[in-house]
Amino acid sequence: MARRFGRESGIIGAAAAAVVSLAVAGTLAFGNFGTTSQAEAESADDAKAQQAAPVDPSIVHASDRPGRSLNITIDDGPDPVWTPKALAVLKKYNVKAVFCMIGPQAKAHPDLVKQVVAAGHRLCDHTVSHNTGMDHQPESYQSRQILDAQKMIEDAAGGARVEYYRAPGGAFTPYSRKLAAQHGMRPLGWNVDSKDFEGGTVDGIESTVRGELSNGPTVLFHDGGGDRARTVESLDRLLPWMQQQGYGFGFPKR
């Protein structure tokens, strides 16, 4: 009887030890799982904070590339007809650009936004409604226009951040500049207006850009808002000419 009791005690003891071991292992496993999740969460928070890190609220025109350099900027897309054509010309000459996108256009064409990012170009917030009278609107309106568009563009991009903000028609306000900068978007101006939005001939657009390059490095074109065939042809003429003149291509400073 005593022997049986001792044997059963040994079995029970072994079983208890096994249960304790499993409990400890489970605790460690869950502890590790929790640690990993916390680390991932902290990493995501760090990335989010870095993405939203404030930048200089002054309007930038200068290039981040030293020397003789230009910044190509393209507004009002993405457009399913003209954005792919503009991308093809930029790729042909190995030129990177900033695409200033309208929020609902980006939301409607996320594939194009992703193509822009995949090709190494940068994104710019050009508001929700492209209201050139934004500087006469209340701050609450400006905030919705800027921040809603930023979210639409970044969602469409699949995570790539919007690095610049360009007010429609240059209608910046001290508030809109500060707001954009607080959300990681440098206000972006321009020095050379190609006037491609006003119609005219390819020769006229080309002549305008050549004549205004001495004004500064940031050049404005459009890939949305209408028929941009003249813009595409102008880019196909101007980019190789710019390279022949010794210009390189950078991005606006952040």
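**View 1. Strands β3 and β4 side by side in the predicted model.** Here β3 (residues 122-125) and β4 (residues 162-165) run parallel, held together by 3 bridges. If you want one pair to zoom in on, take D125, whose bridge partner in β4 is Y165. Getting from one strand to the other involves helix α5 (residues 139-157): β3, α5 and β4 make up a β-α-β unit, and that unit is right-handed.

**View 2. From β4 on to β5.** Strand β4 also pairs with β5 (residues 186-187), again in a parallel arrangement, this time through 2 bridges. Y164 is the residue to look for here, as it stands opposite R186 in β5. The chain makes the trip from β4 to β5 by way of helix α6 (residues 174-182), and this β-α-β crossover is right-handed.

**View 3. Helix α6 and what sits against it.** Which residues of α6 are buried? They are S176, L179, A180 and A181. The cover over these buried residues includes α5 and β4, and those two elements also belong to the β-α-β unit with β3. Follow the chain just past the end of α6 and you hit G184, which takes a positive phi of about 85 degrees.

**View 4. The aromatic pair, Y165 with F172.** The structure has 1 aromatic pair. Its rings belong to Y165 and F172, with centres 5.7 Å apart and planes at 90 degrees, so this is an edge-to-face pair. Are the two partners buried or exposed? Y165 has 0% relative accessibility and so counts as buried. F172 has a relative accessible area of 15%, and because the cut-off for buried is under 20%, F172 is buried too. Y165 is also the bridge partner of D125 from View 1.

**View 5. An arginine over a tyrosine ring.** R68 lies over the face of Y247, and the distance to the ring centre is 4.1 Å. Keep Y247 in mind for the next view, where this tyrosine turns up among the contacts of M242.

**View 6. Inside the largest nonpolar core.** This core has 42 residues, and the members that touch the most others are I72, L213, L239 and M242. Helix α8 (residues 229-244) is the top contributor, giving 6 residues to the core. What does M242 touch once its neighbours within four places in sequence are set aside? The list is L70, I72, V209, L213, Y247 and F249. Two of these names, I72 and L213, come straight from the best-connected members of the core.

**View 7. A second, separate core.** Apart from the core above there is another one, made of 7 residues, including V60, V98, Y164 and F251. Y164 is the residue seen opposite R186 in View 2.

**View 8. H109 between two helices.** H109 is found in the loop that runs between α3 (103-108) and α4 (110-118). With a relative accessible area of 19%, H109 counts as buried, because the cut-off is under 20%. Leaving out neighbours within four places in sequence, H109 is in contact with P78 and P80.

**View 9. Zooming back out to the whole chain.** The chain has 8 helices and 8 strands. Of its 254 residues, 43% are buried. Take the contacts between residues at least 6 apart in sequence: 78% of them join residues at least 24 apart.

Methods:
Residues numbered from 1 in each chain as written. Predicted model: local features only at pLDDT ≥ 70, side-chain atom pairs only at ≥ 80, totals over all residues. Heavy atoms only, no water. Pairing = 2+ DSSP bridges. Helix = DSSP H or I, 4+ residues; strand = E, 2+ residues; numbered from the N terminus. Right-handed = clockwise from strand over helix to strand, strands pointing away. Phe/Tyr/Trp six-rings, centres within 6.5 Å; stacked < 30°, edge-to-face > 60°. Buried < 20%, exposed > 50% of the residue type's maximum accessible area, 1.4 Å probe, protein only. Lys NZ or Arg CZ within 6 Å of the ring centre and 35° of its normal. Core = buried A, V, L, I, M, F, W, Y, C linked by side-chain atoms within 4.5 Å. Contact = heavy atoms within 4.5 Å.
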